[in-house]
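Welcome! Here are some short exercises to help you find your way around a new structure. Have a look at it first, then try each task before reading its solution.

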Amino acid sequence: MSDQVLERARRGDREAFGRLVEPYHRELQVHCYRILGSVQDAEDVLQETLLAAWRALGRFEGRSSVRAWLYRIATNRCLNALRDGARRSEAPAGEALWPQPYPDVLLDDLADAEPGPEARYESREAISLAFVAALQHLPPRQRAILVLRDVLGLRAAETAGMLDSSVTAVNSALKRARTTMLERLPAPRPPLPGSAGERQVVARFVAAFERGDIDGIVALLTDDAMVNMPPLPDEYRGREIAGRFLASVCRGGGGDGFRFVPTRVNGQPAFGFYRRDPHTPIAHAHGLLVLSLDGDRICGITRFVDNSVLPYSGLPRTLPDPTENGRRAPAARPGPGPASG
């Protein structure tokens, strides 16, 4: 970004300011999402960040890059939101804490910003549902420090400067955060997104589920597979227990009872999950189902039971009758979500 654009923005040119911050919009939203665990909260805090940047632009001295300056504002706004109770920073005893899913359609225009030299996580790992869920169990300041250091790859001194802290305090908090993440974060080896291996596992799962083949579903699970249903606290861990739960879900819903509309969230295969109404020619949404893969097996099934997450992936709350003149109609194709870009 040229110095001329920066100078025009400093003089109150809103169009120039837009040009100044637009390249960082999506990556800042993803940054806020990691810390807050909510797409809507991330967008709200991002708007607060941009407003604060506009008001403070005259005091920007250029000692850091515009990108680093915006990250400083965004990180501290996230911490303020957590401190003010906008999001829970810890789950009550015995309750699982899950983030909202982040639609891949919002990642399409994410700039390929190279992480700094201290990064420890790959980009797709750092947006996975399991990673963001594990982050939510950290105290807010540890959460921010781990994202700045291990995801963005900032040096300890840069992170300390952003948080008005000391390098010693940052390193101490980072050590505690890393220990917690190691305890909570699984280490699967998922196939590449969109690869033949991923498509094969997903197709086998959908086919088995739609025909009510519980043995076929269980055969795809890893020994330690986990089934969750956020925001409900229930967890079903292990192939046998998860299989019994899935059997109760599938009971009476084989054949045309279920419909799956494909989408992607957090870099993972996902589906709008619909069940046909026996009394009307429509299928009603029953949440969003996300698969976590480990090689050619499924290590996690997360079903978000709140239908409010569907619009972000462009998914409807109802579908028309999937049959037409006795033939199955083509599956609905999800469109872009309503979140602003």
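**Exercise 1.** Work out whether cysteine 299 is buried or exposed.

*Solution.* Keep in mind that this is a predicted model. Start with the relative accessibility of cysteine 299, which is 18%. Next, recall that buried means under 20%. Cysteine 299 therefore counts as buried.

**Exercise 2.** Decide whether cysteine 32 takes part in a disulfide.

*Solution.* Begin with the whole structure: a search through it turns up zero disulfides. Now turn to cysteine 32, whose nearest cysteine sulfur belongs to cysteine 78 and is 3.6 Å away. A disulfide needs the two sulfur atoms within 2.5 Å, so cysteine 32 is in no disulfide. As a last step, check its surroundings: cysteine 32 counts as buried because its relative accessibility is 0%.

**Exercise 3.** Describe how strands β3 and β4 are arranged.

*Solution.* First locate β3 at residues 258-265 and β4 at residues 268-276. The two pair in the antiparallel sense, with eight bridges. Then look at the link: two residues separate the strands of this hairpin, and asparagine 266 in the turn has a positive phi of about 50°. Across the pair, phenylalanine 260 stands opposite phenylalanine 273 of β4. Finally, β3 is mostly covered, with six of its eight residues buried.

**Exercise 4.** Characterise the largest pocket.

*Solution.* Take the volume first: about 1100 Å³. Then consider the lining, made up of 38 residues, with Ala130, Leu185, Pro186, Pro188 and Ser292 nearest the centre. Sorted by class, the lining has 19 nonpolar, 10 polar and nine charged residues. Among the elements that each supply at least two lining residues are α6, β4 and β5.

How values were computed
Residues are numbered from 1 along each chain as its sequence is written. This is a predicted model: local features need pLDDT of at least 70, side-chain atom pairs count only at pLDDT 80 or more; totals for chains, interfaces and linings use all residues. Side-chain values use heavy atoms; hydrogens and water are left out. Buried means under 20% relative accessible area, exposed over 50%, partly exposed in between (1.4 Å probe, protein chains only). Helices (H or I, at least four residues) and strands (E, at least two) are DSSP runs, numbered from the N terminus. Two strands pair if DSSP finds at least two bridges between them. On a 1 Å grid over the protein atoms alone, a cavity is a set of points where a 1.4 Å probe fits but cannot get out, and a pocket is an open set with protein on both sides within 12 Å along at least five of seven lines; lining residues have an atom within 4 Å of a point. Grid points are joined across faces, edges and corners, and a volume is the space filled by probe spheres set on the points. Ala, Val, Leu, Ile, Met, Phe, Trp, Tyr, Cys and Pro count as nonpolar, Asp, Glu, Lys and Arg as charged, and the others, Gly among them, as polar.
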